[in-house]
Amino acid sequence: MKLIAVKGLFGGAGTTTITANLANAMRRRKHPVVALDLCATNSLRLHFGMPIGDPRGLFRSGRLVDDLREAAFETDNGLIYLPHGEIDEPLDRAAIDGILGGLYELLQRFESPQQLIVFIDVPNSESTILNWLTSHAEIMLHVLTPEPRAYPALRYFSRITWPQIQHQGLRHSLLLNQCAPHLELSRDIADLLRRELDPHLLVPKFIQRDQHIPEALATQQTTFDFTIGAQANVEFAAIAEWLEERLEVLE
Amino acid sequence: MRWFMQLREQWREVRRKQSRLSTAFYLFWLYLEVAMLNSRASEQFDHADQRLRLNYWFPHVNFQRPRWLDPIRLALQAVWLLLFETQQERADGLTQRNTDRTSILQRLNPWHHRRLATKPVQFATSGFERFFSTLLSREWIPSQTIRILITVGAALLVALVISIPMDATDQGLMLLFFWALALWVRNLQGRIPMLLMVLLSVIVSTRYLFWRVTQTINWDVPFDAALGILLLVAESYAWLILVLGYIQTVWPLERRVAQLPADLSLWPSVDVYIPSYNEPLSVVRSTVVAATAMDWPKDRLNIYVLDDGKRPDFKEFCEEIGVGYIVRADNSHAKAGNLNHALTITAGDYITIFDCDHIPSRGFLQLTVGWFFQDPKLALVQTPHHFFSADPFERNLSVFRSRPNEGELFYGLIQDGNDMWNASFFCGSCAILKRGPLEEVGGIAVETVTEDAHTALKLHRLGYNSAYLNIPLAAGLATESLSAHIGQRIRWARGMAQIFRLDNPLRGKGLNWGQRICYANAMLYFLNGIPRTIFLLAPLAFLLLHSYIVFAPAVMIAMYAIPHLIHANLANSRAQGNYRHSFWAEMYETVLAWYILRPTTVALFAPKHGKFNVTAKGGTIERDYFDLNISLPYLILIGLSLIGAGFGVYSLFFGPRDELLTVTLNLFWITYNLFILGGALAVAEEAKQVRASHRIRVDRSISIMTASEHSYAAELIDFASSGAGIRFYDELPLAPGDSIHVVMHHGTTRHGFPARVVSMRGLTIGVRFEFPDSAAERAFLRATFARADAWVGWRFNETKDQPLSSLREILGIGFRGYQNLAVRLAPPLAPVLGLINRGWGVIMSVLPQAPGTGEEDESLGV
């Protein structure tokens, strides 16, 4: 089982959308894929068409479901997604570790779990979840957008977060989202980041600003289902291919 | 019952689009295909194996639209497939000789059995291939003395082979053996087999010339002797050029890029000169902006526009984008004088020169300067002149980017061969020179009209080295019309002849023998006007004047001359085939012959005479027209040849019997000449060219962003300095007049360029760019013309020359020339010619075709 954690460097970087669409792109490349939502906002499911009022999901009244069959849903093309579930109050921090362990157990019960690729939408502020993922995930994608606030965020990241999330076997990559090639500021910041960051740290592909992405969410679809010709699909596919190489799984 | 329902359903589906007959035909073939080739619809969809489709085996039959001659096509193709080995099968046979997987078709094939018989030959071939490849890698002659002895022995043997007299039969046998040898090693890899072919060609040609000199001049008839000597001189010239050409190109250096020092502070300062005289700003603009976008430390890169036209709009433009602008008081010595004047004003360590239409790619300096660090005596690095527009040959014969063009031989091979002898020379543009040596020789040479080659010669004489980097790093416009092309070549020819007189490379100090030979060949080559005209007229001497200019029995002529031609062709095809296909040189040279004849002769006798003319570029040709002025000399030659051919045919029937063979030989020769001259006519038929800026066809993934910030994946299909053509994968909500951003990569950056949709056709749109500032324009050039890999893949290193199909092509072009002429002279003939063409097309369409060459048939959507 290969876990890919998708985490924002700051709020609103677009992690949920990227999780949903990357999972979909990977699924289109014929891998067994699970999209897992650990954010309490419970919005990942909306990309796959689940009605917003549906409370089902991994967590029910503060605790993990016993059987994933209660929480797992499948899209038309066979992608399995696990919504977070509606909760009334935040999860007990002390219990999260155990809950995640239980979740891992449950995922192992899938058919041929060693080939499973799990995309996880990770909340920004939960250090417990982050710690657990540090020792379990293969790749952690840190999403950022080329705008001025990327700078203080990267500073904080390198000073505070980076030392915490170092772990043997876990690879980190920074993924640029919402690049606007027609705007000078966006272009310049992207150029600057590319020049200053370690080239191995940056995902070689990036995601261009594309109005199709929010519109797809508004109609509760992935961008691929929404508009086949959207540039975003080309990029999600390219990143999926790149991930394939890094995970050493062939199509 | 179910299959019947299915059949009915399919019938209805197809009937929606086609008539009853076609539907029956189509379904018949479809079921046959399924039954015979065991193909499945799913496999067809994925193109898993093309060989499971009837279309693959019968590429010239459209099974959806039957035609009346299809039964004949099918029958001929089936017989052909059964009896003969296709090229694909041959290739497969070469790669997997020992496989047991032979298909039924192959097993029925008699060639399959023949292959068993050729086993020993194959064994010998592979043995020799190994032998040839090890020859290169080890020192197989131990001492210098033995080496000299072997060389002397071999030279004596060659001299014997060249000079030994033989009768027709012996001569024929020997040359058959040589020919077999050449054909045998023709497909072997490596340079040693090529050397062997070149050696054979030299031996056979020298033997021919030796025989010609010693035995074929009839001294008893003064008139014949005079004409005979004239032809002999022309043939000696051709022989000399052949041999010098072999020496020049037999071992190209294939120089690679040299690394620059990692320490940026060591990189030298470079002045970029862009001389201009009368070219419009629209042409020069891209070059200047792209020069500013070259990857080099900004404080050490200075760009200067050297404007001999002294135009205010140029001055304004240069100030606007911040490059130097240099004018001078007079225009003495044209381009050379212009460059020399700038040399006194600027101070960079190196001088890079771009003609004003040669757009440099961003990597030009980084890829060329490295060699100066490797070799302190290096004074010049030249790169190829690459053209992104079609030259008159390519345009008028519609062969743009499908055949190696005229310049390809020089820039692809000859300069690389020159480099081996440290004799690659300066070509006036796309080169970088070291200031010190350049000033030492007094700047750019001004004595001749080809200042570039002469400057390089002077540098070589002082012991400096030159280098040639065979990577297109800049691209420009080809000459726009045949007359402009000829004008340019007249200048080169005149200049080379001038250098030959004023500063003969065979004499004087400082050059090694390789350099002398390379320079001499470059200059002698342009003297081909007289010899070529002689060859065009020579058969007339016999046919019209009944003069025996080659005084020998026709059989002997055939026995000596034909092997000479065949070997020269085989060796040239092997050595140069990737850069110029066989027989094309004949046409290129014939077109020029008449025009360079006079200026080169004048320059040889009065080298100081003659002036510089500027080559016009970037223009348009409003409509098709036939350049009668250019073709007049060829029309006269054609007229004479036709009269000669008429007499020849007459004497074939009514002439003396003993001259029959001689007449036939001359008729062959004159027919060939007529076809080549027809080619010259075809080139003079100027095809229209209406776009002011040239569009470069590409196929590259890009994206566009609409005003609403929707991004769509798209394909860039062509671009020019001001616009682009874009194709989408799906219908888009766009209309002409809409503003969009075209997003392209340059390096790792993506840049969106504002543009307006100007046209829409289906999934394709045309846009015009609206750059807000010169920075955007620079970025655009970096993403297009100046991309480091912009011109990669334009050359023809993979297309193999096939002499016979090349000959067929040239004959076709010649024929087209006459057709065009006939239509010009007598327009009512047009429908007749159209009918002939159609008939020919039908005949050709019936002949068998190689499997898998058909176009993808449109799907019926069943």
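The following paragraphs lead through a predicted model, from the contact between its chains to individual helices and sheets.

The two chains meet through 17 residues of chain A, which are in contact with 18 residues of chain B. On the side of chain A that touches chain B, the elements giving two or more residues are helix H5 (184-196) and helix H8 (231-247) of chain A. The composition of that side of chain A is six nonpolar, six polar and five charged residues.

Within chain A, helix H1 covers residues 15-28 and has 14 residues. From its first C-alpha to its last, H1(A) reaches 20 Å, close to the 20 Å expected at 1.5 Å a residue. Because 13 of the 14 residues of H1(A) are buried, this helix is largely enclosed by the rest of the structure. Just after H1(A), Lys30(A) adopts a positive phi of about 70 degrees.

Chain A also contains a parallel strand pair: strand E8 (residues 139-144) and strand E9 (residues 171-176) of chain A are joined by six bridges. In this pair, Leu144(A) stands opposite Leu176(A) of E9(A). The connection from E8(A) to E9(A) passes through helix H4 (residues 150-165) of chain A, forming a β-α-β crossover that is right-handed.

Turning to chain B, helix H16 (residues 334-345) offers a check on helical geometry. Its twelve residues should span 16 Å at 1.5 Å a residue, and its end C-alpha atoms are 17 Å apart, which agrees. The buried residues in H16(B) are Lys335(B), Ala336(B), Gly337(B), Asn338(B), Leu339(B), Asn340(B), His341(B) and Ala342(B). These buried residues of H16(B) pack against four strands of chain B, E1 (270-276), E2 (301-307), E3 (324-326) and E4 (350-353), and against helix H22 (451-461) of chain B.

Further along chain B, six strands form a closed barrel in the order E13-E14-E15-E18-E17-E16, with antiparallel pairing. From one strand to the next, the twist averages 45 degrees. Within this barrel, strand E14 (residues 711-719) and strand E15 (residues 723-728) of chain B run antiparallel and are joined by five bridges. Asp718(B) stands opposite Gly725(B) of E15(B). Helix H30 (residues 774-783) of chain B lies across strands E16 (739-746), E17 (749-761) and E18 (764-769) of chain B. Relative to E16(B), H30(B) runs at about 55 degrees.

Key: Residues are numbered from 1 along each chain as its sequence is written. Chains are lettered from A and ligands numbered from 1 in the order in which they are written. This is a predicted model: local features need pLDDT of at least 70, side-chain atom pairs count only at pLDDT 80 or more; totals for chains, interfaces and linings use all residues. Two residues are in contact if their C-beta atoms, placed from the backbone, lie within 7 Å. Ala, Val, Leu, Ile, Met, Phe, Trp, Tyr, Cys and Pro count as nonpolar, Asp, Glu, Lys and Arg as charged, and the others, Gly among them, as polar. The expected span of a helix is 1.5 Å times one less than its number of residues. A residue is buried if 20 or more other C-beta atoms lie within 10 Å of its own, exposed if 12 or fewer, and partly exposed in between; C-beta atoms are placed from the backbone. Two strands pair if DSSP finds at least two bridges between them. Axes are lines fitted to C-alpha atoms, for helices over the stretch in contact, and angles run from 0 to 180 degrees between N-to-C directions. A crossover is right-handed if, with the strands pointing away from the viewer, the path from the first strand over the helix to the second runs clockwise.
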